[in-house]
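Welcome! Please take a moment to look at the structure below, and then we will walk through it together.

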Amino acid sequence: MFRRRQQQDEGSAPQNVYKMRQSLISIGDDYWIENGAGQRAFKVDGKAFRIRKTLVIEDAAGQEVATLKEKLVSVRDVMTIERGGQVLATVKKALFTPLRERFEVEGSGVKYDVKGSITDHQYEFERDGQKVASVSKRWFAVRDTYGVEIGPNEDVALVLAATVALDQMTHDAG
């Protein structure tokens, strides 16, 4: 089904599709995010021996593209996404979510509303009411695996970092 979706998209603007592993990372663990062709695209490094949860995302060449840090003191779950030592965005649970899980990814020049079933890996990233990325387990038959499809002109590393942060935040709470 996943490959069929890729083939359907070949005639349109190229879509960035990535394969993620579901919340299996713990501090000190590493895993790879693969592209739609099954090639290692990004490495998620769970930094060991830190007071707060820190995850570093590197590209295939080993260059850091984002660092996720858990905020220690917060009324609600919050993680920051940094790039080059500067906060790029903050991921936080929306205060009022009556029917479904909702998170906000907000930073300099970016604001995504993330809506859907985060814990079931069926959700979308929206900016100004327009879908810019989607996450789904339906694309894979493999247990504990889900896909992230990112629209053109989006910051791939930021969306993937936010997806990893959401995975950490929702599965640590449970």
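## A walk around the barrel

Let us start with one pair of neighbours: strand β10 and strand β11 (residues 130-136) run antiparallel and are joined by six bridges. Keep in mind that what you see is a predicted model. Across this pairing, Y123 faces V135 in β11. The link from β10 to β11 is a hairpin with two residues between the strands, and D128 in that turn has a positive phi of about 55°.

Now step to the other side of β10. Strand β10 (residues 122-127) also pairs with β9, in the antiparallel sense and over five bridges. Here Y123 is the bridge partner of G116. The hairpin of β9 and β10 has four residues between the strands, and H121 takes a positive phi near 55° there.

One step further back, strand β8 (residues 101-107) meets strand β9 (residues 110-117). These two run antiparallel and are joined by seven bridges. Within this pairing, R102 stands opposite K115 in β9.

Here are the three pairings side by side:

| Strands | Bridges | Facing residues |
|---|---|---|
| β8 and β9 | seven bridges | R102 and K115 |
| β9 and β10 | five bridges | G116 and Y123 |
| β10 and β11 | six bridges | Y123 and V135 |

What holds such neighbours together? Strands of a sheet pair through backbone hydrogen bonds, either parallel or antiparallel.

## The whole chain

How many helices and strands does the protein chain have? There are two helices and twelve strands. Along the sequence, the pattern reads α-β-β-β-β-β-β-β-β-β-β-β-β-α. The twelve strands close into a barrel in the order β1-β2-β3-β4-β5-β6-β7-β8-β9-β10-β11-β12, with antiparallel pairing. On average, neighbouring strands of this sheet are turned by 20° against each other, direction ignored.

Of the 174 residues in the protein chain, 45% count as buried. The chain exposes about 9,400 Å², and carbon and sulfur atoms supply 46% of that area. Among the contacts with a separation of 6 or more, 34% are between residues 24 or more positions apart.

## A group of rings

Finally, let us return to Y123. A pair of aromatic rings is described by the distance of the centres and the angle of the planes. The count of aromatic pairs comes to three. One of them joins Y123 and F125, a tilted pair with 6.1 Å centre to centre and 45° between the planes. Are these two residues buried or exposed? Both Y123 and F125 are buried. Ring pairs also link Y112, Y123 and F125 into a cluster.

Note on methods. Residues numbered from 1 in each chain as written. Predicted model: local features only at pLDDT ≥ 70, side-chain atom pairs only at ≥ 80, totals over all residues. Heavy atoms only, no water. Pairing = 2+ DSSP bridges. Axes fitted to C-alpha atoms, helices over the stretch in contact; angles between N-to-C directions. Buried < 20%, exposed > 50% of the residue type's maximum accessible area, 1.4 Å probe, protein only. Contact = heavy atoms within 4.5 Å. Areas by Shrake-Rupley, 256 points an atom, 1.4 Å probe, with all protein chains shown as cover. Phe/Tyr/Trp six-rings, centres within 6.5 Å; stacked < 30°, edge-to-face > 60°.
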